[in-house]
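Student: I would like each label in this model justified by its cut-off. Can we go through them one at a time?

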Amino acid sequence: MHYYVNIIKKLSLYKIYNYNKLLASYFYSKLLKQNYHNALPFALSIEPTTSCNLRCPQCPSGLRQFTRPTGMLDPEMFKKFVLQIKKHVHSLTFYFQGEPYLNPDFLKMVRTASDNNLYTITSTNAHYLNDEVSKQTIQSGLDEIIISIDGTSQETYEQYRVGGQLDKVLAGAQNIIKWKKELKSRKPYVVFQFVAFRSNEHQVKSIKKLGTDMGADFVRIKTAQIYDFENSQGMIPKNEALSRYKKNSSGKWEIKNRLLDQCWRMWQACVITWDGKIVPCCFDKDAKYQLGDLTNSTFKEVWFSEPYHVFRQSILKSRKEIDICTNCTEGTKVWAD
C-alpha cells in the first residue's frame, strides 16, 4: 500500500494531463503509421556512471567494451536538467550502465530529484552499501532500490556476477532494511531482482524465500538479455517461462517478441548518458542513436527535434530494421512469473 501511495504523491494535475496527451498521441501515431507527438515524457533514465566493479559477461560495462566515452555524471549539469523536466516527469531512474554508487555525488543527485518531487529509482549490485552509505541512502529520499541478487550461493552468484561477493550483497541489503526501520522510513521500496540464466534457474524458489526472510518488499524474477542468443552457449534457461527467447522450427533461438512496428517507450521515456547525450532507450547501450545533447540544447528542443521525429517514424515503418530493436522486449514479457 505504501508503495502505491508514494507513487501517487509524485503526481500532479499537469503530469496526469501530460500523460494522457502521451497516450493519445501514441495511439494516434500507431493508427495512422505517422509520427505525431505533442507531449513530454513521463519517465526518464539517467546514467550516474559507466564504471562498474563487476565483470558481468552480458554487459558492456562489465566487459569494458564501450565504444562511447566513459565517465561520471556531473551534479551541476544534473541540477540544470532537473529544472527542465520536473514539471512533466514522474519517475527518474538513476541507472543505464555502470554501478551508480561509484559516482561520489550520486546520493546528492537523488536528493535533488527528490526535492523536486520526482519518484526516484536506482539499480545496484549492492557492494557499496556499507552501514553509513545505507543510512545516507534512506536520508536521500530514494523511493525505490533494485538490488541484483542472481544466486543464493556464492558458487551460483559469481557465475554471472563475475568478481562479486554474495555476502557483501546480502550485508548491503540488510543495511538498507535496517536503516529503513531505524529511521522509521517507508522508503525506499526494496526489490530483490534475480536475472534468470541456466546456471541459476534452479534457485528461483530459494531467492523468493530469501527475500521474504530478509524483509525485502518484493522479489522480481527477470528474464536475461543475451547478446548473441543464436549461440547462447548454455546461458538461456531450460524453463522457457524464465526466458525471453524460444527455439524456432529450425532449432535456432529467437526472441519471443513479434517486433510489431510500434514502441510505447519512444513516446513516454528516453535515456540520458552521463555526458548528456539523449538516446532512445536502454537497448542503445553504446549510444549509437544519439538524438541530441543537453550540453548545447534544452531537453524540450531535443524531444521535439527532427532527428527524434525521424527515429520514431522509422519505428512505425519497420522496427525490425533497427538493430537495437532486434533484441528488444517492448511488446513482450520481461518479468517471469
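Tutor: A charge sits over a ring if NZ of Lys or CZ of Arg is within 6 Å of the ring centre and within 35 degrees of the ring normal. Before applying that, note that this is a predicted model, in which local features need pLDDT of at least 70 and side-chain atom pairs count only at pLDDT 80 or more, while totals for chains, interfaces and linings use all residues. Residues are numbered from 1 along each chain as its sequence is written, and side-chain values use heavy atoms, with hydrogens and water left out.

Student: Why is the charged end of arginine 312 said to sit over the ring of tryptophan 303?

Tutor: The charged end of arginine 312 is 4.5 Å from the centre of the tryptophan 303 ring, and the distance limit is 6 Å. Lysine 285 gives another case: its charged end sits over the ring of phenylalanine 283, 5.6 Å from the centre.

Student: What makes tyrosine 28 and tyrosine 36 an aromatic pair, and of which kind?

Tutor: The whole structure holds 19 aromatic pairs. In one of them, the rings of tyrosine 28 and tyrosine 36 are 5.3 Å apart, centre to centre, with 65 degrees between the planes. Rings of Phe, Tyr and Trp (its six-membered ring) pair if their centres lie within 6.5 Å; planes under 30 degrees apart are stacked, over 60 edge-to-face, and the rest tilted. The tyrosine 28 and tyrosine 36 pair is therefore edge-to-face.

Student: Are tyrosine 28 and tyrosine 36 buried or exposed?

Tutor: Neither label applies: buried needs under 20% relative accessible area and exposed over 50%, with partly exposed in between (1.4 Å probe, protein chains only). Tyrosine 28 is at 44% and tyrosine 36 at 38%, so both count as partly exposed.

Tutor: Tyrosine 101 and phenylalanine 106 are also an edge-to-face pair, at 4.9 Å and 75 degrees. Tyrosine 101 has 11% relative accessible area, so it is buried; phenylalanine 106, at 1%, is buried too. Both belong to one aromatic cluster, together with Phe78, Phe81, Phe94, Phe299, Trp303 and Tyr308.

Student: How do you know that lysine 10 and aspartate 143 form a salt bridge?

Tutor: A salt bridge is a side-chain nitrogen of Lys or Arg within 4 Å of a carboxyl oxygen of Asp or Glu. The closest N and O atoms of lysine 10 and aspartate 143 are 3.7 Å apart, so the pair qualifies. Lysine 10 lies in the loop between helix 1 (2–9) and helix 2 (13–32), and aspartate 143 in the loop between helix 6 (131–139) and strand 4 (144–148), so the pair ties together parts 133 residues apart in sequence. Here helices (H or I, at least four residues) and strands (E, at least two) are DSSP runs, numbered from the N terminus. Lysine 10, at 6% relative accessible area, is buried, as is aspartate 143, at 1%.

Student: Where do lysine 209 and aspartate 213 lie?

Tutor: Both lie in helix 9 (residues 204–214), 4 residues apart, about one turn of the helix. Their side chains meet in a salt bridge at 2.7 Å, N to O. Lysine 209 is exposed at 53% relative accessibility, and aspartate 213 is exposed at 54%. Salt bridges that share partners also join Lys10, Asp143 and Lys187 into one network. In total, the search finds 14 salt bridges.

Student: What makes a space a cavity, and how many of 30 Å³ or more are found?

Tutor: On a 1 Å grid over the protein atoms alone, a cavity is a set of points where a 1.4 Å probe fits but cannot get out; a pocket is an open set with protein on both sides within 12 Å along at least five of seven lines; lining residues have an atom within 4 Å of a point. Grid points are joined across faces, edges and corners, and a volume is the space filled by probe spheres set on the points. The search finds 2 such cavities. The largest cavity holds about 50 Å³, and its lining includes Cys263, Phe283 and Arg319.

Student: Why does that lining count 9 nonpolar residues?

Tutor: Ala, Val, Leu, Ile, Met, Phe, Trp, Tyr, Cys and Pro count as nonpolar, Asp, Glu, Lys and Arg as charged, and the others, Gly among them, as polar. Arg319 is therefore charged, and the lining divides into 9 nonpolar, no polar and 1 charged. Phe283 also lies among the residues nearest the centre of the second largest pocket, as do Tyr227, Lys285, Asp286 and Ile324. That pocket has a volume of about 390 Å³ and a lining of 8 nonpolar, 5 polar and 5 charged residues.
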